[in-house]
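Look over the sequence and the 3D view below. Then use this briefing to find your way around.

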Amino acid sequence: PYQLGNGADAVAVKYSAMPCEPKPVVIPKTTDPNYLRTAMVETLKTGGACMRFMVQVRTGDMSVEDPRYEWLESEAPFQEVARID
């Protein structure tokens with residue numbers, strides 16, 4: 001969790017980035033240690049990329065001291081605040 005804002009208006013938030021158009025995940029059978037870089041280069045050759053920048057605002061007694069504590073999306077849904085192209 002991170003603090004967003006200052007003073008009495010500060011809230012705890014978590015951030016996430018998600019693809020605008022989810023695609024199936026395919027794990028390649030390769031020994032190339034740079035396979036993610038290679039895949040990104042190939043993807044960007046054929047078009048752009050879009051990510052949704054999301055913010056999850058703390059509600060209730062969600063822990064901010066223990067990062068292993070999951071903030072349930074049913075209680076604090078992620079909200080899109082920007083798109084990154």
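Which backbone oxygen lies 3.0 Å from a polar atom of the side chain of Gln 56? The backbone oxygen of Trp 71 does. Keep in mind that this model is predicted. The points below start with Gln 56, then turn to strands, rings and charges.

**Gln 56, a buried residue**

- Gln 56 sits in strand S3.
- Its relative accessibility is 2%, so Gln 56 counts as buried, the cut-off being under 20%.
- Several contacts of Gln 56 fall early in the chain: among them are Ala 12, Val 13 and Lys 14.
- Others come later, including Trp 71, Leu 72, Glu 73, Ala 76, Pro 77 and Phe 78.
- These contacts leave aside the neighbours of Gln 56 within four places in sequence.

**Lys 14, buried with a charge**

- Lys 14 belongs to strand S2, which covers residues 11-19.
- Is Lys 14 buried or exposed? Lys 14 is buried.
- Lys 14 has no salt bridge.
- The nearest side chain of opposite charge belongs to Glu 70, and it is 8.2 Å away.
- A salt bridge needs the nitrogen and oxygen within 4 Å, so Glu 70 at 8.2 Å does not make one with Lys 14.
- A polar atom of the Lys 14 side chain does lie 3.2 Å from the backbone oxygen of Tyr 69.
- Beyond its neighbours within four places in sequence, Lys 14 touches residues including Pro 1, Met 54, Val 55 and Gln 56.
- Tyr 69, Trp 71 and Phe 78 are also among the contacts of Lys 14.

**How the strands pair**

- S2 and strand S3 (residues 51-57) run antiparallel, joined by 7 bridges.
- Within this pairing, Val 13 has Val 57 in S3 as its bridge partner.
- S3 also runs antiparallel to strand S4 (residues 78-84), with 6 bridges between them.
- Here Val 55 stands opposite Gln 79 in S4.
- In a regular strand, side chains alternate between the two faces of the sheet.

**Aromatic rings**

- How many aromatic pairs are there? The count comes to 2.
- The rings of Tyr 2 and Tyr 15 have centres 5.6 Å apart and planes at 40 degrees, so this pair is tilted.
- The pair links distant parts of the chain: Tyr 2 is in strand S1 (residues 2-4) and Tyr 15 is in S2, 13 residues apart.
- Tyr 2 is exposed because its relative accessibility is 54%.
- Tyr 15, at 36%, counts as partly exposed.
- Tyr 15 also pairs with Phe 53, and this pair is stacked: the centres are 5.6 Å apart, with 20 degrees between the planes.
- Tyr 15 in S2 and Phe 53 in S3 are 38 residues apart, so this pair too links distant parts of the chain.
- Phe 53 is partly exposed, with 28% relative accessibility.
- Together, Tyr 2, Tyr 15 and Phe 53 make one aromatic cluster.

**Salt bridges**

- A search of the whole structure finds 4 salt bridges.
- One of them joins Glu 42 and Lys 45, whose closest N and O atoms are 3.2 Å apart.
- Both Glu 42 and Lys 45 lie in helix H1 (residues 35-45), 3 residues apart, or about one turn of the helix.
- Glu 42 is partly exposed at 44% relative accessible area, whereas Lys 45 is exposed at 61%.
- Arg 52 and Glu 80 form another salt bridge, with the closest N and O atoms 2.8 Å apart.
- This pair links distant parts of the chain: Arg 52 is in S3 and Glu 80 is in S4, 28 residues apart.
- Arg 52 is partly exposed, with a relative accessible area of 24%.
- Glu 80 is partly exposed as well, at 35%.
- Arg 52, Glu 80 and Arg 83 are linked in a network of salt bridges.
- Arg 68 and Asp 66 also meet in a salt bridge, at 3.1 Å from N to O.
- Arg 68 counts as exposed at 74% relative accessibility, and Asp 66 is partly exposed at 28%.

Methods: Residues numbered from 1 in each chain as written. Predicted model: local features only at pLDDT ≥ 70, side-chain atom pairs only at ≥ 80, totals over all residues. Heavy atoms only, no water. Helix = DSSP H or I, 4+ residues; strand = E, 2+ residues; numbered from the N terminus. Buried < 20%, exposed > 50% of the residue type's maximum accessible area, 1.4 Å probe, protein only. Lys, Arg positive; Asp, Glu negative; His and termini not counted. Polar contact = N/O pair within 3.5 Å; in protein donor to acceptor, adjacent residues only side chain to side chain. Contact = heavy atoms within 4.5 Å. Pairing = 2+ DSSP bridges. Phe/Tyr/Trp six-rings, centres within 6.5 Å; stacked < 30°, edge-to-face > 60°.
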